[in-house]
Amino acid sequence: MIRVKEKDFPSFEASADFLAGEIVCFLSSCGSRKTVQKGRLMDFTSTVIIPLLFGSVGIFALFRLLQWMRMRAYLQEAVVVITGATSGLGKECAKAFHAAGCKLVLCGRDSEKLQDVVQQLSTVTNHRKKTHKPHTVVFDLSDTKTVLNAAEEILKYLGHVDILINNAGISFRGTIVDTVLDVDKKVMETNYFGPIALTKALLPSMIKRRQGHIVAISSVQGKISIPFRSAYAASKHATQAFFDCLRAEVEQYDIDVTVISPGYIQTNLSRNAVTADGSHYGVTDKNTMEGQTAAEVAQVVLNAVGQKKKEVLVAGLKPSLAVYLRNLCPRLFFSLMADRAKKERKAKAS
Ligand SMILES: NC(=O)c1ccc[n+]([C@@H]2O[C@H](COP(=O)([O-])OP(=O)(O)OC[C@H]3O[C@@H](n4cnc5c(N)ncnc54)[C@H](OP(=O)(O)O)[C@@H]3O)[C@@H](O)[C@H]2O)c1
């Protein structure tokens, strides 16, 4: 029989000491492992992540600089035709492209208003860039004959056009049932037939040079239709469709096409809108008042042209979502538009 003596077992104190020692040892080994890991992480951060971060920022900055230099070179001395240059977005585009060193041809219906814009531009001094006194051409976009004469005059005077900005336009307010057909035609002539007539008149010379850039200022309403804007939305949908076709057809001649689709802009568009019977609307809507400034949108146009973008949507979250909703969930979009129509009718009646 084996007798186990009491002293063969360690005392409770000794066991506790031993255990405590083991725990301290474990913890300190953990601690030192953690320190080693932390050290390795810091090494990794300082040798890999930080240089990678700085490198990416550097490459991005270089890319932006090259893009900016290319844009500068592209716009400097370019012959740029802007329609609707007497007001709103057209006027601000005139300022932006003038400052970029372009040779401008400002178009409008009113010669005096055009001269005012030329006068305003002449007071702007740009020490860093050579600017040019703009040329002006007066014509009404809804009269095709005058549009063709204007195109001839532009080519005669400047020889060629590098960039055509189809900006001029009018808006519309009214119910479809009340709107006389002449109003639909007027909006379509100004917003669609006029710009395409000018584009077609200038296109052959661009094709001949294998160089040119055509810009269409469309609208979010070229992608979605909202109630009581039928003629306007239809004209902008037609614009989008025409210039999308054009882009595909002229790519082989190295001609660029950019369609810009803004949301609301703080201009006279709503005030100058025509109504169902052809009269002047004369009201600046709340949405228009709360829109982007024309100067902001003009900068977007300048950058889009400089970067030869094919399409730009210049709108806030709500209109942008509406465009996606129209395509992804049309039933929901249609019911939202029907609600909007009901609300607007109610508000008008009260
Ligand atoms: N404002 C917005 O909320 C908004 C939103 C999306 C898209 N857009 C688009 O932006 C473009 C510019 O409009 P805007 O907002 O700057 O409006 P705006 O201030 O009313 O300017 C419109 C310009 O178009 C010219 N125009 C109108 N009818 C013409 C015609 N028959 N022939 C020649 N020129 C004519 C006007 O000339 P007059 O000075 O002689 O009237 C004016 O220079 C339009 O295509 C519009 O559809 C505007």
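**Exercise 1. The annotated segment**

Task: Describe the chain over residues 48-66 in this predicted model.

Solution:
- Start with the backbone. Residues 48-66 are 100% helix and 0% strand.
- Then take the span. The end C-alpha atoms of this segment are 27 Å apart.
- Finally, check the record. UniProt, in an unreviewed entry, places the feature "transmembrane region" at residues 48-66.

**Exercise 2. The chain as a whole**

Task: Count the helices and strands of the protein, then state what percentage of its residues count as buried.

Solution:
- The secondary structure comes to ten helices and nine strands.
- The protein has 350 residues, and 33% of them count as buried.
- Now turn to contacts with a separation of 6 or more. Residues 24 or more positions apart account for 74% of these.

**Exercise 3. The ligand shell**

Task: Work out which residues come nearest to the ligand and how the shell divides by class.

Solution:
- There are 29 residues around the ligand.
- Those that come nearest are G84, G88, A168, G169 and T267.
- Sort the shell by class. It has nine nonpolar, 16 polar and four charged residues.
- Next, ask which element gives the largest share of the shell. Helix α2, residues 88-99, does, with three residues.

**Exercise 4. A helix pair**

Task: Characterise the packing of helix α4 (residues 144-158) against helix α5 (residues 181-209).

Solution:
- Geometry comes before contacts. The two helices pack at an angle of about 35 degrees. Their axes are 9 Å apart.
- The crossing of α4 and α5 is right-handed.
- List the contact residues by helix. From α4 come T144, V147, L148, A151 and L155. From α5 come F193, G194, A197, L198, A201, L202 and S205.
- Classify them. The contact of α4 with α5 has nine nonpolar residues, three polar and no charged.

**Exercise 5. Positive phi outside glycine**

Task: For R210 and D254, give phi, the place in the fold and the exposure.

Solution for R210:
- Phi is near 50 degrees, a positive value in a residue other than glycine.
- R210 sits in the loop between α5 and β6 (212-217).
- R210 counts as exposed because it has 11 C-beta neighbours inside 10 Å, and the cut-off for exposed is 12 or fewer.

Solution for D254:
- Phi is near 60 degrees, again positive in a residue other than glycine.
- D254 belongs to the loop between α6 (230-250) and β7 (255-262).
- D254 has 13 other C-beta atoms within 10 Å, so it is partly exposed.

**Exercise 6. Pairs separated in sequence**

Task: Is L203 buried or exposed, and is D339 buried or exposed? Give the C-alpha separation of L203 from V161 and of D339 from P227.

Solution for L203:
- L203 lies in helix α5.
- L203 has 21 C-beta neighbours inside 10 Å and therefore counts as buried. The threshold for buried is 20 or more.
- L203 and V161 are 42 residues apart along the chain. Their C-alpha atoms are separated by 9.2 Å.

Solution for D339:
- D339 is placed in helix α10, residues 330-349.
- Its count is 11 C-beta neighbours inside 10 Å, so D339 counts as exposed.
- D339 and P227 are 112 residues apart in sequence. In space they are 9.8 Å apart, C-alpha to C-alpha.

How values were computed:
Residues are numbered from 1 along each chain as its sequence is written. This is a predicted model: local features need pLDDT of at least 70, side-chain atom pairs count only at pLDDT 80 or more; totals for chains, interfaces and linings use all residues. A residue is near a molecule or strand if its C-beta atom, placed from the backbone, lies within 6 Å of it. Helices (H or I, at least four residues) and strands (E, at least two) are DSSP runs, numbered from the N terminus. Ala, Val, Leu, Ile, Met, Phe, Trp, Tyr, Cys and Pro count as nonpolar, Asp, Glu, Lys and Arg as charged, and the others, Gly among them, as polar. UniProt positions are given in the numbering used here, feature names are shortened, and annotations may be inferred rather than shown by experiment. Axes are lines fitted to C-alpha atoms, for helices over the stretch in contact, and angles run from 0 to 180 degrees between N-to-C directions. A crossing is left-handed if the near helix is turned anticlockwise from the far one by less than a right angle, and right-handed if clockwise. Two residues are in contact if their C-beta atoms, placed from the backbone, lie within 7 Å.
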